[in-house]
Amino acid sequence: ERTVKLAVIPGDGIGPEVVAEGLKVLSAAAPAHDLALETTEYELGAKRWHATGETLPDSVEEELRGHEAILLGAVGDPTVPSGVLERGLLLRLRFSFAHYVNLRPVRLYPGVATPLAGTVPEDIDMLVVREGTEGPYAGMGGVMRKGTPGEIATQDSVNTRFGVERVVRYAFAKAAQRPRKKLTLVHKDNVLTFAGELWQRVVREVGAEYPQVAVDYLHVDAATMFFVTQPGRFDVVVTDNLFGDILTDLGAAVAGGIGLAASGNINPENAFPSMFEPVHGSAPDIAGRGVADPTATILSSALLLDHLGLPDAAGRIERAVAEDLQARAKDGGERSTPRIGDDIARRVAEQG
Ligand code: NAD
Ligand code: IPM
Ligand code: MN
């Protein structure tokens, strides 16, 4: 039996609701693969901030470091100034634990309704490799002459050779393993000339080591158009932190909705625990009502198992989700958050 030491950060809004279902499904998958889950829950987010002013105490970061992986719901709350929890907790973890790969599969499962007419599951199967530690997220810049008519706010995009190369290498390695072997760099090198040229050059150089991978480039504005009009153009997409954030909400929308979109914040070297979370946020507009779709979190828990070298257990969850999505197409009835979790957990237990 293998014991998996998992840290759990339910967070804010619908975070706790969807994480409960992710854990339910992980527990259902564990016995068949001889796994024992050892979970430690951390209360971080709006409640803690209001109570203590803390977003992520150093001691908690140290404890998180001692786990094999982290499952996170979502952070952010209307009662907390925007950015306090997003930066102080979520981005701090991504940066501290060198989650330079933000892995966001975009797949249309059979039976799932897409807003794109005439689109079939074979048309949407991509892997967005979003850079996770740099770009405009780095927090460089500042405000001058605040509150005056001459106020200036800058928010610099940081692109290091080291940071760009490591994520590009990961993306090429992934592309080489996939049947279509295609990699699309998405950037805006016609305007962001310094960063864009660096990304282009690194893709060219690393690409020379992968002659079997076909390389394409799109400006991000055109890429948003093709995500909608020709999603089949894309296999692996590698892109900057902010472009990847925006593109993957769009990807979620074309592949059946934000409630299905999974992600992993990955440190491929396993120098630090990787962190798995749905692409969506804390959804304050529906929090506390038991109507959030936990599927994105459940699929994120499958990514977690895959990352821990447990692809069979991950596959068990993915198959159960695929079955559940097919059943939804037929029954169509609205189910509560825990009910979806129960149904998927039952299918997990029933997998052969
Ligand atoms: P959001 O993803 O929380 O919500 C956008 C819309 O999608 C809302 O209408 C919401 O009800 C719906 N939605 C989201 N998840 C759903 C689910 N599982 N099932 C059904 N519907 C769902 O994005 P937002 O409104 O831009 O942000 C809300 C808060 O979440 C903000 O504080 C933001 O900073 C934070 N946020 C956090 C994360 C994260 O923790 N990774 C990600 C995105 C946003
Ligand atoms: C996401 C979110 C985060 C991001 C925010 C909450 C910092 O939108 O995980 O997609 O922009 O990365
Ligand atoms: Mn986002």
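**Fold, ligand shells and annotated aspartates**

Among contacts in the protein chain between residues at least 6 apart in sequence, 77% join residues at least 24 apart. This is a predicted model, and the predictor is confident about the chain: the mean pLDDT is 98, with 100% of residues reaching 70 or more. For the complex, the ipTM comes out at 0.99 and the pTM at 0.98.

As for secondary structure, the protein chain carries 11 helices and 12 strands. The C-alpha trace spans about 55 × 50 × 40 Å along its principal axes. A compact globule of 352 residues would have a radius of gyration near 20 Å, and the chain, at 20 Å, agrees with that. Of these 352 residues, 45% count as buried.

Now to the ligands. Ligand 1 is surrounded by 20 residues, and the closest are Gly76, Gly259, His280, Gly281 and Ala283. Sorted by class, that shell holds 11 nonpolar residues, along with 5 polar and 4 charged ones. Around ligand 2 sit Gly76, Glu86, Leu90, Leu91, Asp245, Val279 and Gly281. Here the split is 3 nonpolar, 2 polar and 2 charged. Helix 4 (residues 84-96) supplies the largest share of the ligand 2 shell, with 3 residues. Gly76 and Gly281 turn up in both places: they are among the closest residues to ligand 1 and also belong to the shell of ligand 2.

What does the UniProt record have to say about a binding site? The entry, which is unreviewed, lists Asp221, Asp245 and Asp249 under "binding site". These three span 29 residues in sequence, yet no two of their C-alpha atoms are more than 14.4 Å apart, so they gather at one spot. One of them, Asp245, is also part of the shell around ligand 2.

The other two annotated aspartates can be placed in more detail. Asp221 is in helix 7 (residues 220-229). It has 12 C-beta neighbours inside 10 Å and therefore counts as exposed. Asp249 belongs to helix 8 (residues 241-254). Is Asp249 buried, exposed or partly exposed? With 14 C-beta neighbours inside 10 Å, Asp249 is partly exposed, because a count that would make it buried starts at 20 and one that would make it exposed stops at 12. Neighbours within four places in sequence aside, Asp249 is in contact with Ile258 and Val279. Val279 has already come up as one of the residues around ligand 2.

Finally, a couple of backbone oddities. Which residues have a positive phi without being glycine? Asn270 is one of them, with a phi of about 55 degrees, and Ala283 is another, with a phi near 40 degrees. Asn270 lies in the loop between strand 11 (262-266) and strand 12 (274-278), while Ala283 sits in the loop between strand 12 and helix 9 (295-307). Their surroundings can be read from the C-beta counts. Asn270 has 13 other C-beta atoms within 10 Å and is partly exposed. Ala283, with 22 other C-beta atoms within 10 Å, is buried. Ala283 is also listed among the closest residues to ligand 1, so this buried loop residue links the backbone picture back to the ligand shell described above.

Definitions and conventions:
Residues numbered from 1 in each chain as written. Chains lettered and ligands numbered in written order. Predicted model: local features only at pLDDT ≥ 70, side-chain atom pairs only at ≥ 80, totals over all residues. UniProt positions renumbered as here; feature names shortened; annotations may be inferred. Helix = DSSP H or I, 4+ residues; strand = E, 2+ residues; numbered from the N terminus. Contact = placed C-beta atoms within 7 Å. pLDDT = per-residue confidence, 0-100. Near = placed C-beta within 6 Å. Nonpolar A, V, L, I, M, F, W, Y, C, P; charged D, E, K, R; others polar. Rg over C-alpha atoms; globule rule 2.2 N^0.38 Å.
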